[in-house]
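Thanks for coming, everyone. Please put the sequence and the model up on your screens. I'll walk through it step by step.

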Amino acid sequence: MAIEHKNLYPEIPTCDDRLLWDTWLSMFHFPTLTVADELGLFSLLDQAPAKAEDIGKKLSLGARATEALLGVMTSLGYLVQLNGKFHLTEVSRNFLLPHSPYYWGGILHFIRNNPLSHSALLEAFRKDKATIYQDKDIWKAHEVDEEQARVFTRHMHSQTVAPAIGAAWRGDFEGVKRLLDVGGGSGAFCFPLTQRYPEMRCTILELPVVCKIAEEYISKAGLQDQIDTYSADFFQEPWPSGYDAVLFSNIFHDWSRERCIHLARRSFEILPSGGRIYLHEILLADTKDNPLVATSFSMCLFWITEGKQFTAGELTQILTECGFEDVSIAPTYGYYSLLCARKP
């Protein structure tokens, strides 16, 4: 006797599942980019556009691997195919060639060597703390391991260079004579500032191990006369004085609101009347559910630090709570914005 089966799927779903496909397969995008970088794909095509067969031979890849690699890189927009040959796009020329001053190599290499996994993210959620270095505090780890500090500084240098140029040209730094760059890493933000404003002098306030690394970047840039360093733990030790501006680029997002209040108050204390504080950040919308890059960056920070991305309103409230006035916000470059406020 035949068994009757209940019709479990009587209708087509009310929507398709493309969003899940896009989310699932996006997990291959960044690893494919780091592989392309390590294989030398972009440097190869910088020499001359090439056909897939020739690319495969020069990179020692089989036909299937070549097709997969070129397919993803082209559909993402890093390459374009014209008359059967693959060419670099402007994004790749600017950010994926090792000889470019804007090379994203620091980020590519850092994430390549510290890949995110489901288990690591789940552990971070359950512990409500960063897990990128297992149970180690990321900043303490850098203090005792210069190589880790160097790799992370290179990561932040890659992330900062282009946005810093945008901020130097589109932000209002007119009249600033001495700027303290708190947590300034390699000094990447100060380089375009001092070139844009030749009379400006900058100091990078960093941990001793990072100051040593920053001095190498400063020397290579030939800016020793305009940029120096000051070694200190900016939460535990005194700050230098004599500055009319304090800058935090990608710093507030590493810390809790309470820690950010502390940093803003320390800034207020050392600034003269009329002195300015600057925050350079990617901003969350007021609803905290967009844009995607900001919500995703918050997830990244959840994994790496104790911070998150803030809304413009949250940062404004922190600054005004500490006594600052005249808060202004200006888009600078890509996803970044510059907040500026003045001490009355």
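One definition before we start: two strands pair if DSSP finds at least two bridges between them. Helices (H or I, at least four residues) and strands (E, at least two) are DSSP runs, and they are numbered from the N terminus. This is a predicted model, where local features need pLDDT of at least 70, side-chain atom pairs count only at pLDDT 80 or more, and totals for chains, interfaces and linings use all residues. Residues are numbered from 1 along each chain as its sequence is written, and side-chain values use heavy atoms, with hydrogens and water left out.

Let's begin with strand pairing. Strand S3, residues 178-182, is joined to S6 by 3 bridges, and the two run parallel. Look at Asp181: it stands opposite Leu247 in S6. On to strand S7, residues 276-282. S6 and S7 pair through 5 bridges, again in the parallel sense. Here Ala245 has Arg276 in S7 as its bridge partner. How does the chain cross from S6 to S7? It goes through helix H13, residues 257-270, and this β-α-β crossover is right-handed. Right-handed has a set meaning: with the strands pointing away from the viewer, the path from the first strand over the helix to the second runs clockwise.

Stay with S6. Is it mostly covered or mostly open? Strand S6 spans residues 245-249, and 5 of its 5 residues are buried. Buried means under 20% relative accessible area, exposed means over 50%, and partly exposed is in between (1.4 Å probe, protein chains only). In a regular strand the side chains alternate between the two faces of the sheet. In S6, Ala245, Leu247 and Ser249 point one way. Val246 and Phe248 point the other way, and all of them are buried.

Now follow the chain out of S6. Asn250 sits in the loop between S6 and H13. Its phi is near 55 degrees, a positive value in a residue other than glycine. Why does Asn250 count as buried? Because its relative accessible area is 2%. Past H13 comes another loop, before S7, and Ser273 lies there. Ser273 counts as exposed because its relative accessibility is 60%. Ser273 and Asp244 are 29 residues apart along the chain, yet their C-alpha atoms are separated by 8.6 Å. Not counting residues up to four places away in sequence, Ser273 touches Lys343 and Pro344. Contact here means heavy atoms within 4.5 Å.

Next, two backbone details. Most residues other than glycine have a negative phi, and most peptide bonds are trans. Ser60 has a positive phi of about 60 degrees, although it is not a glycine. Ser60 is in the loop between helix H4 (52-58) and helix H5 (63-76). Ser60 is exposed, because its relative accessible area is 66%. Then the peptide bond from Asn290 to Pro291: it is cis, with omega near -5 degrees. Pro291 lies in the loop between S7 and H14.

On to a helix. Helix H7, residues 105-113, is mostly covered, with 7 of its 9 residues buried. Among them are Gly105, Ile107, Leu108 and Phe110. What do the buried residues of H7 pack against? Helix H2 (29-39), helix H10 (146-170) and helix H14 (292-304).

Two single residues now. Phe95 is in helix H6, residues 90-95. The C-alpha atoms of Phe95 and Ala162 are separated by 9.4 Å, with their positions 67 residues apart along the chain. Leaving aside neighbours within four places in sequence, Phe95 is in contact with Tyr102, Tyr103, Trp104, Ala162 and Tyr333. Ser337 lies in strand S9, residues 336-342. Ser337 counts as buried because its relative accessibility is 13%. Beyond four places in sequence, its contacts include Leu279, His280 and Glu281.

Last, the whole chain. It has 15 helices and 9 strands. The C-alpha trace spans about 90 × 55 × 40 Å along its principal axes. Of the 344 residues, 47% count as buried. Among contacts between residues at least 6 apart in sequence, 67% join residues at least 24 apart.
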